[in-house]
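Thanks for sharing this one with me. Here are my notes, as numbered points, to read alongside the coordinates.

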Amino acid sequence: GIGEVIGGSQREERLDVLDRRITEMGLDVKDYWWYRDLRRYGTVPHAGFGLGFERLIMLVTGIENIRDVIPYPRYPGHAEF
């Protein structure tokens, strides 16, 4: 397979659901005060998606290795600083 071609998500805007999930995951609600304030004082439902362009190219061309379709590959030591 080629992995995920398109992915998407929606942010949880309901503070009660967010608090319940934080507790279920065993996290400390106090650590998320800033994120909770964003939800408490003015957020709207929002979502997004992303298309993995290189994975799309793999899908339509049949190329098996993602490194062969990346136009500007990144790897350690490639950039000169």
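1. Let me begin with the helix pair, keeping in mind that this is a predicted model. Helix α1 (residues 15-24) and helix α2 (residues 33-40) have axes that come within 10 Å and cross at roughly 160°. Because of that angle, α1 is roughly antiparallel to α2. As for handedness, the crossing of α1 and α2 is right-handed.

2. Which residues make up this contact? From α1 come L15, L18, D19 and I22, and they meet Y35, R36, R39 and R40 of α2. Sorted by type, the residues of the contact are four nonpolar and four charged, with no polar ones.

3. It is worth looking at burial in α1 next. Its buried residues are V17, L18, D19 and I22, and the buried residues of α1 pack against α2. L18, D19 and I22 are also among the residues of α1 that meet α2. A general reminder may help when you view the helix: residues three or four places apart point the same way, because an α-helix has 3.6 residues a turn.

4. A small backbone detail follows α1: G26 comes after the helix, and its phi is positive, near 75°.

5. Now to the strands. Strand β1 (residues 6-10) pairs with strand β2 (residues 47-51) in the antiparallel sense, over five bridges. If you want a landmark for the register, G7 stands opposite G50 in β2.

6. How many of the five residues of β1 are buried? The count is zero, and β1 is hardly covered. When you inspect the strand, recall that side chains in a regular strand alternate between the two faces of the sheet.

7. T43 deserves a look too. Its place is in the loop between α2 and β2, and it counts as partly exposed because its relative accessibility is 26%, where buried would require under 20%. Leaving aside neighbours within four places in sequence, T43 is in contact with E13 and L38.

8. Finally, here are two distances from E12 that I found handy for orientation. T43 and E12 are 31 residues apart in sequence and 9.9 Å apart in space, C-alpha to C-alpha. R55, which lies in helix α3 (residues 53-61), is 43 residues from E12 in sequence and 28 Å from it in space, again C-alpha to C-alpha. R55 has a relative accessibility of 31%, so R55 counts as partly exposed.

How values were computed. Residues numbered from 1 in each chain as written. Predicted model: local features only at pLDDT ≥ 70, side-chain atom pairs only at ≥ 80, totals over all residues. Heavy atoms only, no water. Axes fitted to C-alpha atoms, helices over the stretch in contact; angles between N-to-C directions. Helix = DSSP H or I, 4+ residues; strand = E, 2+ residues; numbered from the N terminus. Parallel < 35°, antiparallel > 145°, perpendicular 65-115°, else oblique. Left-handed = near helix turned anticlockwise from the far one by under 90°. Contact = heavy atoms within 4.5 Å. Nonpolar A, V, L, I, M, F, W, Y, C, P; charged D, E, K, R; others polar. Buried < 20%, exposed > 50% of the residue type's maximum accessible area, 1.4 Å probe, protein only. Pairing = 2+ DSSP bridges.
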